[in-house]
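Reader: I would like to go through this structure with you and ask how each label is earned. Shall we take a look together?

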There are 2 protein chains.
Amino acid sequence: MKTTHPRLHPVILAGGSGTRFWPLSRQKRPKQLLPLASERPLIAETVARLEGICDPADVITVCGRAHAASVRRALPVEAADGLLVEPLARNTAAAIGLAATVVAARDPEGIVVVLPSDHAVLDRPAFHAALLAAAEVAAQGPLVTIGLEPSRPETGFGYIRRGGAHPAGGRAREVLAFVEKPDRERAEGYLRAGDYLWNAGMFVFRADRMLEELRTHLPACADALEKIAPTVGKRTFASALAQWFPTIPSISIDFAVMEKADDLAVIPASFGWSDLGSFASLHEVREADAEGNVVDGDVLFFDAANNVVVGHRQKPVALIGCSDLVVVDTGDALLICPRDRSQEVRLVVDALAARGDRRLL
Amino acid sequence: MKTTHPRLHPVILAGGSGTRFWPLSRQKRPKQLLPLASERPLIAETVARLEGICDPADVITVCGRAHAASVRRALPVEAADGLLVEPLARNTAAAIGLAATVVAARDPEGIVVVLPSDHAVLDRPAFHAALLAAAEVAAQGPLVTIGLEPSRPETGFGYIRRGGAHPAGGRAREVLAFVEKPDRERAEGYLRAGDYLWNAGMFVFRADRMLEELRTHLPACADALEKIAPTVGKRTFASALAQWFPTIPSISIDFAVMEKADDLAVIPASFGWSDLGSFASLHEVREADAEGNVVDGDVLFFDAANNVVVGHRQKPVALIGCSDLVVVDTGDALLICPRDRSQEVRLVVDALAARGDRRLL
């Protein structure tokens, strides 16, 4: 593969077990395995989205044991060898540190591109441009994050406050602060201020630089990774992982490193991104009919607008006089709620768990 | 069976093929076969409701060929022999005339009690009292209808305007007029006036008297019935029915006889009656939970009130933040609409028919 930019090592984090798409999502079929934005699982879409800027064989995917088989099936064959299975969940610092260790063993100054496995991107060229801009900066040393230009006063995301031009040049900006998920009032202030960006969990850095930062800010993690490093690509890797990975503190990369590191940059970007946080968000990424209905399946609408309907096989769903509803029929369960309350499906999952109904979780 | 009143010959009209309970109701499973008011089909409930005022062996049920087997299965064994299967649908004058002919062959002055097969009655003692009062009057000659005291300005029913005391005495009143389904304004006027009753399609009369009235007002019907009469209880009955029943004009008993007869009486009554005209009406006859939800199946409610939910087997239905909805899941189809639009399910049936989807009709 010919490229005019640094070689990218994508690291796709697929450890999530979200319940916000119940009844579509289950413990064994988490969000990243659902075809929410297209006919492919989100994780397959995430890999496909990198076409043209990396070699699929360089893609590393990190997931837990419970989903390893399903994730492997969802990946394109070229990327399947890059699957890293965590012996247990240890949050993003451990997952990213492990991936950086694997990349460093092949290519110490290799550029790691950390991406969530379950988001959607509508504007692929803009996405590629942002990653390549970040890679150019990262090659010079800084840890780079992608900061999404906010379009609404969202309270569900962390923010990045950007400063002036970064010495690395180009689109890069200084990072003034990582900010926790705000309340509504603060979020509105951030939107008005104009210098706050959404933290979408996309990070670009040189493998060796991340390992240095982990040595400084999370030495217990660095210690474990140094035990694992010599086994990368060898038969002893799995047993080293089983022995040392559990000793890594469970902490997010944001808390462990990004909020503490000095050598940071942010690439402000806008590429039709959605975190697909709930059924309501399908309206952001899926084409709607003339009445604003987003439909999967055989749905008959009569005076019904702006609904999200996910049907089951050939079974017709008839909606008469209903607007702004989410309807999800999976054959073994049915969910109905207003669009603006679709994040509350957790209530159902909790209730089913409380009554011991494991079958549907 | 000991009774202190005239022997009653109930005639249950089960020829309906209503589509207002789609997707529960289908061409092969019309409303009267659905367990809408209890765990039994409405038609079984209709027969059971007569317990104590008639001999089940005297119950005559009239239905079409398409439903004969299902209706027979739904009837209590004692009543199954009383099934009259129409060779084709010929409206209520023909069905009632045929039943009167069968009763007259056994007991010329026998009292016929015509009842729809798909209504609900909450107050059985009051229902019995009304039928027995009607029977006492009918025994003296008049055709008697049951008139329900209206509780709302209903535009879906015909009305009966009652006059003063009927010479037959007791609760009987003169009938001033049968009135067509009114518009909203007229219906409100009827409710205010206080002398209008709902025509619920319940008629009580002596078999010989109805045959006389048919001779006067619908001679083509009387002619056919006179050909059939000598075969009642004989092996030739079915062939006579096949030959002569189709010659009877297709017209309702209201148009053909009740609106024209002179010797009429009405028994005003109130016995928790519902015609179960749509899913919304289930709220009139089924017990609701503390939040006003009427439920069939495994339903989890979260901040959801006044819904009607009919689930499918063990499949959980979760409703979050939804009120006044009708949700019906039959496994092969799903209907969702606001309660006050549940009569519009015909739209769905029409649409499925238009696209040639016979499977779900």
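**How the labels are earned**

Author: Gladly! Let me start within one chain of this predicted model: the side chains of Arg26(A) and Asp332(A) meet in a salt bridge, at 2.9 Å from N to O.

Reader: What makes Arg26(A) and Asp332(A) a salt bridge?

Author: The rule asks for a side-chain nitrogen of Lys or Arg within 4 Å of a carboxyl oxygen of Asp or Glu. Arg26(A) and Asp332(A) stand at 2.9 Å, N to O, so the pair qualifies. Arg26(A) sits in the loop between strand 1 (8–13) and helix 1 (42–48) of chain A, and Asp332(A) in the loop between strand 16 (325–329) and strand 17 (334–338) of that chain, so the bridge ties together parts that are 306 residues apart in sequence.

Reader: How many salt bridges does the search find over all chains, and how many does the rule find across the interface of chain B and chain A?

Author: The search of the whole structure gives 48 over all chains, and the rule finds six across the interface of chain B and chain A. One pair between the chains is Asp303(A) with Arg341(B), at 2.7 Å from N to O. That value is within 4 Å, so the label holds here too.

Reader: Which residues of chain B lose the most area to chain A?

Author: First the total: about 2700 Å² is buried between chain B and chain A, with carbon and sulfur atoms giving 66%. On the side of chain B, Ile320(B), Leu334(B) and Ile336(B) lose the most, together 24% of what that side buries.

Reader: Why is strand 15 of chain A said to pair with strand 17 of chain B?

Author: Pairing requires at least two bridges between the strands. Strand 15 (residues 317–320) of chain A and strand 17 of chain B have three, in the parallel sense, so they count as paired. Within strand 17 of chain B, Ile336(B) is the bridge partner of Leu319(A).

Reader: How do you know that the copies are related as by a two-fold rotation axis?

Author: A turn of 180° with a shift of 0.1 Å along the axis lays chain B on chain A with an RMSD of 0.1 Å. The two copies are thus related as by a two-fold rotation axis. In chain B, Gly331(B) has the C-alpha nearest that axis, 3.7 Å away.

Reader: And why do you say the copies meet through the same surface?

Author: Because 100% of the interface residues of chain B are also interface residues in chain A. In numbers, 35 residues of chain B contact 35 residues of chain A.

Technical notes
Residues are numbered from 1 along each chain as its sequence is written. Chains are lettered from A and ligands numbered from 1 in the order in which they are written. This is a predicted model: local features need pLDDT of at least 70, side-chain atom pairs count only at pLDDT 80 or more; totals for chains, interfaces and linings use all residues. Side-chain values use heavy atoms; hydrogens and water are left out. Contact means heavy atoms within 4.5 Å. Buried area is the accessible area (1.4 Å probe) that two parts lose on being put together, summed over both. Helices (H or I, at least four residues) and strands (E, at least two) are DSSP runs, numbered from the N terminus. Copies are superposed by least squares on the C-alpha atoms of residues with pLDDT of at least 70 in both.
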